[in-house]
Structures are given as C-alpha cells and as structure tokens.
Amino acid sequence: MMTSATTLHEDHGHHGPAKGLMRWVLTTNHKDIGTLYLWFAFTMLLIGGSMALIIRLELFQPGMQLIEPEFFNQMTTMHGLVMVFGAIMPAFVGMANWLVPMMVGAPDMALPRMNNLSFWILPFAFGMLILTLFSEAGAPNFGWTFYAPLSTTYAPSSVTYFIFGVHLMGISSIMGAINIIATILNLRAPGMTLMKMPLFVWTWLITAYLLIAVMPVLAGVVTMMLMDIHFGTSFFNAAGGGDPVLFQHVFWFFGHPEVYIMILPAFGIVSQIIPTFARKPLFGYSSMVYATASIAFLSFIVWAHHMFTVGLPLATELFFMYATMLIAIPTGVKVFNWVSTMFNGSMTFETPMLFAVAFVILFTIGGFSGLMLAIAPADFQYHDTYFVVAHFHYVLVPGALFAIIAGVYYWIPKWCGRYYNETLGKWHFWLSFVGVNVTFFPMHFVGLAGMPRRIPDYALQFADFNAVASIGAFIFGLSQILFLYIVIDAIRNGKKATDEVWEGTEGLEWTLPSPAPYHSFSEPPEVK
Amino acid sequence: MAASNYYVPESSRLPIGTSIGLIGLAAGAGGMLNHSSSGGEGWALPHFVFFAGALILASVLYNWFSKVIGESRGGLYNAQMDRSYRWGMGWFIFSEVMFFAAFFGALFYVRQIAGPWLSGEGDKGISHMLWPEFVFQWPMFNNPAGADLPGPEAVIDPWHIPLLNTVLLISSSVTVTFAHHALRAMDRTRVIFWLALTVILGAVFVYFQIVEYVEAYEELGLTLDSGIYGSTFFMLTGFHGAHVTIGAFILFVIWLRIIKGHFTPEQHFGFEAAAWYWHFVDMVWIGLFFFVYIL
C-alpha cells in the first residue's frame with residue numbers, strides 16, 4: 001500500500017481496504033472518508049458539547065461561581081465554532097460521502113484523492129483552533145459571529161490562528177462541495193434523471209452550490225480582518241473611512257446561506273426516512289425539490305435580518321423583513337409534504353422515525369420563532385436575548401442534529417451490516433427529546449423577559465428557568481454517551497441486517513448487500 | 001468484481017501530504033504575523049514552520065500534478081473523468097468569483113453607503129457625529145480621523161499604467177485563444193509561440209503592477225494604511241495580481257508540457273482549464289479597471 005501511492009500503474013484489480021491505521025490516512029474510498037467525517041463530527045460534538053455544559057454549569061445559578069468571564073466568552077465562541085464548522089457541517093459531508101455515490105449508482109466520489117484532502121484538512125485546522133485555548137492569550141472570545149471591532153481592535157492574538165483556521169475550513173468545504181456536485185452531475189447511473197434523484201441527493205446538490213457560493217465570502221471577510229489587524233487597513237475602522245457594519249454585511253451574506261447549509265441536508269434525510277416508515281411514497285416530490293431551490297435562492301437576500309438593530313434605513317428593514325417572511329412559504333410546503341406523507345400511512349416508530357417525527361415538530365417550533373424574529377419592530381425587543389439562542393438551537397439541535405442522528409440510525413445497518421439495539425435506541429430518543437426541550441424551551445421565556453445572551457451572570461428573576469435549562473442540558477449531553485455506546489454495540493454485536501434493512505425501502509443504496517461492499521457500483525446499475 | 005470504466009485511484013499519500021503542508025503554512029503564517037505584530041524581530045520557530053509547510057506543499061503538489069498528468073497520458077481517464085475535471089474547474093472558478101465579490105461588495109458598500117453616512121447623508125446619519133467636519137469624497141484624500149490617519153495625496157491615474165495593463169491583459173486573452181486554435185489544428189510551433197507570448201504579456205502586466213505599487217507607496221502616499229481607499233485599492237488589485245501570477249505560472253507549466261509533446265487536438269483539458277482561469281482573471285481586471293481605477 002505504501003508503494004502504491006508512488007508507482008504510477010497500480011494493480012487496479014485489487015479492491016478492498018488496506019490494513020491498519022494507514023488505511024484511514026491514505027484512503028480514497030468514499031465510505032472510509034464518510035466514516036472519518038462522521039467520527040470526526042462526533043468527536044467535535046462531544047468537545048463542543050462539553051463547552052456547552054461548562055456554559056450551563058456557570059449559568060445554573062446567578063452570580064459568578066465557576067469560571068472567569070473571559071473564559072466564559074471563550075467557551076461561547078468555541079462552542080459555536082466547533083459545533084457549526086466541526087460537528088454539523090462535517091457530519092452532513094460524511095453522510096453525503098457515504099450515501100451520494102450509493103444513491104446515484106456511482107463507483108465512488110468523482111475526485112477521490114481530493115476527497116481525502118477535504119477531510120484531512122479538518123483535524124489539523126480544528127487542532128490549531130482548539131490549541132489556542134491553552135495559549136497565554138486564550139482562545140478567540142468574540143463570539144462565533146466574530147463581529148468587528150471585537151475581533152479586530154480588541155481581539156486576543158489567537159485571532160490570527162482563528163483566521164487561518166477559517167481559511168483551511170473554507171478550502172475543505174469548497175473542495176468537498178465541488179466533489180459532491182461533480183459526483184451528482186456527472187456520475188449518475190444511466191436513467192437516473194435529475195428528477196428521479198433521491199431527495200437527499202437533491203438537497204445536497206443545492207447545499208453544495210450554497211457552499212461554493214458563500215465559503216469564499218467568509219474567506220474574504222476574515223482576510224479583511226487579517227489585513228485590518230496586521231497590515232493597518234481600515235475596512236472595519238470608521239476613522240479611516242471604513243465601517244464595522246460592513247463586517248456584519250459581509251459576514252451575514254455568508255452566514256445566512258450557511259444556516260441553510262446546515263438544514264437543507266437535514267430536510268433531505270428526513271425526506272428519505274418518513275416515506276419508509278409511513279410506507280407511502282413521499283408526498284409532493286417535485287414541490288420538495290422546488291421548495292429547496294427556493295429556500296436556497298431566498299437565503300441570499302435575507303442576510304440583514306440579523307442586523308435589524310444596527311441602524312439600517314427603514315426601506316432596508318422592510319425589504320429584509322418581508323424577504324425573510326417569504327421563506328416561510330417553501331418551508332411550509334416542506335412541512336406540509338412531510339405531514340401529508342405520514343397522513344393515512346401505516347406508520348411504525350422505529351428510532352430513525354422517532355427522530356424524524358421529532359424533527360418535523362421541533363424544527364417547526366424553531367421556524368415559528370424565526371418568523372417572530374423576522375418581524376423587524378419585534379426584533380428590536382428580541383435581539384441579542386436568549387430568545388434568539390432558543391430559536392437557533394431549536395433549528396440546529398432538534399433540527400439539524402436530530403436529522404443526523406436519525407440518518408445514522410436509518411443507514412447504520414447498511415453501513416455496518418448490523419442493526420442497532422432498538423430498545424436502547426428508543427431510550428436514546430426519549431432522553432434526547434426530553435433533554436432538548438427542557439434545555440431550550442425555557443430559553444424562550446427568559447429571552448422574552450429580557451435576558452441577554454453571552455453573559456456569564458444574570459438578574460435573579462431568570463434563576464429558575466436557567467436552573468431548569470442547565471438540568472436539561474446535562475440530560476441531553478449525557479444521553480449522547482448512550483448514542484456512542486449504541487453505535488459501537490451495533491458495529492460489534494448487532495444483529496445481522498438484511499439487504500433491504502427496512503420493510504419496503506426504495507432507492508439504489510438498498511439494492512446493495514449489507515454491509516455495502518467497499519466499492520459501491522463498479523458497473524453502473526440501470527435505473528428505470 | 002470487474003474493474004469500473006471510471007478511474008478510481010488507489011489510496012494515496014498525496015492528500016495527507018498536502019494537508020500537512022497546508023497546516024504548516026497556516027500555523028506558520030499565524031505565528032509569523034503575531035511574532036512581528038508583538039514587536040518580535042528576526043527568525044523564530046513560526047518562520048521555520050511556514051517555510052517547511054511551503055516546501056512540503058510545493059513538493060507534494062508537484063508530485064500530485066505529475067501523477068495526474070501521468071495517469072492522463074497513460075490513458076486511465078475516460079470522457080466521464082474529463083467531465084468531472086471540467087465540473088471541478090468550473091465550480092472552482094465560481095468560488096473565486098465569489099471571493100472577489102466579497103471585496104467588490106466592500107468597495108461598493110463603502111462608496112455608496114458607509115461614506116455618505118459618515119458625511120451626514122440620510123436619516124441614519126448618526127455616524128456623522130463622530131467627525132462633524134468630515135466630507136465624503138472619492139477617492140478619499142481626507143479620512144474621517146483627519147491628521148491622525150492621513151489619506152493618500154494622490155491616486156493612480158487610470159489612463160497610464162492601468163490602461164496599458166488593460167491592453168496587455170486583454171491581448172493575452174486573445175493570444176491564449178490563438179494558442180488554443182493552433183492546438184486544435186495540431187500546429188505545435190504556433191501553440192508554443194502564442195502561449196509564450198501570453199505568459200510574457202502576463203509577466204509584463206505583473207511587472208507594471210509592481211511599478212505602480214512602488215509609485216503609490218513612494219510618491220503618492222497611497223498605502224495599505226492610508227484609509228479605506230488604500231485598503232480597497234490594494235486588496236482588490238493585490239489579490240488580482242496574485243491571481244495573474246498564479247495564472248501565468250499555470251500557463252508556463254502548460255507551455256513546458258506542450259514543448260514536451262503533451263496534449264492532443266481532442267484531449268487537452270489541462271490547457272483549457274488554464275485558459276479558463278486566464279479568461280476569468282482577465283474579466284476580474286476589467287471590473288477592477290472600471291470600478292477601482294476609472295470610476
């Protein structure tokens with residue numbers, strides 16, 4: 001194997017994983033790389049989750065008890081960065097790696113060596129970012145949205161490593177997205193027309209487009225920060241004719257599509273799972289595709305709804321308010337279609353379905369609080385309160401994360417050839433479901449009552465709800481250890497899975513044996 | 001299992017080598033900048049990390065491209081593989097377009113919105129209270145902070161070097177197209193001539209860009225720290241110049257490959273990708289010429 005990288009004409013008859021650790025370092029196989037992405041994302045979930053628990057410990061009661069305010073700021077910042085760029089996004093890329101080639105009938109990803117590069121950049125980039133916690137200046141402390149001038153004039157010196165870390169993550173994401181697009185557009189089996197693709201593939205196609213469109217903008221904004229910090233430019237410095245608000249515009253031009261990057265693949269996963277366990281085809285397939293595309297388009301013209309209180313002209317506020325509300329329409333189409341798929345179906349509630357149904361309900365709650373935040377005059381009250389924290393955690397935790405967990409339960413028999421323990425899976429679901437709601441639902445109330453976000457201490461009247469939220473956070477956090485156990489147990493001792501895995505599954509991935517062979521479709525299957 | 005038509009490479013040491021090179025580059029650059037910003041002098045550990053990263057990256061990429069060229073000439077790539085590379089390059093260029101869009105967006109925002117507001121325009125002219133004497137004009141010779149942050153004394157005249165550079169770069173887009181036609185007609189001598197001319201035009205462009213920068217710094221007081229005009233000017237032209245340099249280097253490598261007898265009239269995506277990139281760089285320049293220099 002070591003020589004195969006250097007010799008030009010390898011033995012192409014040899015198909016199978018290499019042995020030992022180097023298999024994972026040198027692999028060009030989409031399943032190996034998908035597995036790496038998923039384990040990396042889970043590791044980051046635990047690291048980012050521990051940071052969240054430190055935050056919740058400090059907030060368990062009013063007053064300063066556990067950590068210094070400076071460290072609290074580092075925790076909120078690193079928690080956000082690690083979860084967004086380290087856990088949610090790589091988990092979806094891992095899903096895409098495993099599933100897209102199998103779903104479209106391809107032998108592998110279109111550009112397998114670049115695929116390996118996309119992954120292996122990430123551990124290095126996050127290693128560098130997390131190591132700044134142990135430096136003298138401390139880790140970045142300016143929030144995951146890193147607004148200037150907090151992140152420029154007043155930033156700790158670790159901001160430089162943060163900037164280069166973001167560059168590396170951006171390179172990784174762009175290459176990953178290019179790979180996924182090339183695979184979907186070029187490697188589909190004969191007969192697999194675009195409108196026959198599974199919805200997970202569709203949502204990832206559109207997500208990849210969003211990634212390529214906005215990750216370079218993120219690179220642009222951190223580059224401007226770098227120049228302001230080290231080379232004396234005035235991009236975000238009003239004294240030189242720049243504007244700190246410029247930072248917010250450029251950041252949110254990236255940031256809002258980024259929000260959809262983290263939810264569209266979740267829509268795709270749920271759209272695969274619900275039809276299986278409702279035993280009905282997905283209701284309104286083509287409207288799902290058009291709704292996804294509409295959401296992606298709208299995501300580019302709503303960014304300033306994050307900035308209502310920064311001092312925008314009235315016309316701007318109105319435009320961004322109405323444009324934001326428009327998103328409720330395609331999103332509503334999706335929720336309607338999921339519910340209609342379940343309507344009159346012969347439903348069963350295995351663990352993936354439980355997580356998927358919870359996704360539909362809880363994501364909708366997050367969507368509705370988003371609609372409340374979209375109302376510009378009301379947002380003047382909600383802005384920077386825990387209501388915002390409640391809102392985006394509802395779309396990201398029982399939204400994106402639940403969909404990822406649902407997807408893992410749904411496809412793990414195909415990946416490993418073994419079922420997980422259904423009883424434990426249900427325990428995991430109910431603990432997570434209760435934990436998530438106990439954590440984040442009270443945040444709506446304290447937020448509406450005026451508790452500001454990103455503050456290590458708070459007024460006494462918020463004490464009870466914060467204590468409840470902290471207890472919920474520990475229930476939710478610890479139940480993810482159970483998830484780890486369930487996955488390992490499935491890989492080691494699970495019951496052998498059939499090729500079909502679930503009753504009446506549809507799609508190319510289920511035509512492969514369980515576990516799926518190392519190379520998916522050496523000969524492209526015929527799709528009718 | 002029967003081998004697929006689509007070439008799936010075996011496991012490879014190239015990507016992990018690239019990752020190691022990149023982290024060396026990133027961590028080294030971060031350390032170097034922090035070292036010098038905190039008043040450090042001379043070489044420190046980050047400098048070694050940076051140059052080690054750069055060396056690793058350069059040698060791994062050299063091997064990677066050699067390998068891909070070898071595989072391509074070895075006939076391992078079919079038409080479908082060719083399409084993957086086309087999609088890949090096309091979307092890569094789109095990502096570059098969006099990278100420049102961020103900087104153009106910053107320029108437009110400052111000129112159309114932030115600047116006039118600082119000057120008291122609009123019903124949100126609160127920022128005017130910061131520097132009541134400030135009057136917005138573009139180019140911004142007087143920054144809001146006035147003497148504390150002096151602006152440029154003058155800016156680059158678009159009708160001298162920039163106009164010349166426009167002519168150079170547009171001509172180079174034409175010459176690279178001539179080279180492409182010659183390649184399709186399999187007239188190798190003409191390809192070598194036109195491609196060499198393209199690279200030379202690119203190099204002359206970069207030379208004049210450097211002359212312009214020297215003039216800006218030494219005679220006009222137009223620097224990175226001369227306020228927002230200098231910031232946007234150097235950010236946009238600097239990144240463009242870097243892209244011209246990379247593009248010219250890519251075309252130079254393609255030129256060497258032509259001399260070695262690579263490419264056929266039917267199969268020459270390496271050439272086309274370089275030409276696409278070159279046209280993209282050219283289009284960005286036209287945007288720069290209008291929005292940075294003339295208007």
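How far apart do the C-alpha centres of domain 1 of chain B and domain 2 of chain B lie? I looked this up before anything else and found 25 Å between the two centres. The domain assignment of chain B, with bounds from an automatic or database domain assignment, gives domain 1 as 12-69 and domain 2 as 89-105 + 153-294.

Notes on the source: this is a predicted model, in which local features need pLDDT of at least 70 and side-chain atom pairs count only at pLDDT 80 or more, while totals for chains, interfaces and linings use all residues. Residues are numbered from 1 along each chain as its sequence is written, and chains are lettered from A and ligands numbered from 1 in the order in which they are written.

Entry on chain A. I counted 16 helices and zero strands, where helices (H or I, at least four residues) and strands (E, at least two) are DSSP runs numbered from the N terminus. Chain A has a radius of gyration of 23 Å, which agrees with the value near 24 Å that a compact globule of 528 residues would have; the radius is taken over C-alpha atoms, and the globule rule is 2.2 Å times the number of residues to the power 0.38. Buried residues (20 or more other C-beta atoms within 10 Å of their own, the C-beta atoms being placed from the backbone) make up 59% of chain A.

Entry on chain B. I found seven helices and zero strands here, and buried residues make up 41% of its 295 residues. Its C-alpha atoms fill a box of roughly 75 × 45 × 40 Å, taken along the principal axes.

Entry on the interface. I looked up contacts (C-beta atoms, placed from the backbone, within 7 Å) and found 69 residues of chain B in contact with 69 residues of chain A. On the side of chain B that touches chain A, the largest share, 22 residues, comes from α3(B). By class, that side has 38 nonpolar, 22 polar and nine charged residues; Ala, Val, Leu, Ile, Met, Phe, Trp, Tyr, Cys and Pro count as nonpolar, Asp, Glu, Lys and Arg as charged, and the others, Gly among them, as polar.

Entry on the core. The largest nonpolar core (buried Ala, Val, Leu, Ile, Met, Phe, Trp, Tyr and Cys residues joined through C-beta atoms within 7 Å) has 256 residues, and A:A406 is among those with the most contacts inside it. Helix α6 (residues 199-230) of chain A gives the largest share of this core, 24 residues. Domain 1 and domain 2 of chain B both give residues to this core, so it lies between them.

Key
Two residues are in contact if their C-beta atoms, placed from the backbone, lie within 7 Å. A residue is buried if 20 or more other C-beta atoms lie within 10 Å of its own, exposed if 12 or fewer, and partly exposed in between; C-beta atoms are placed from the backbone.
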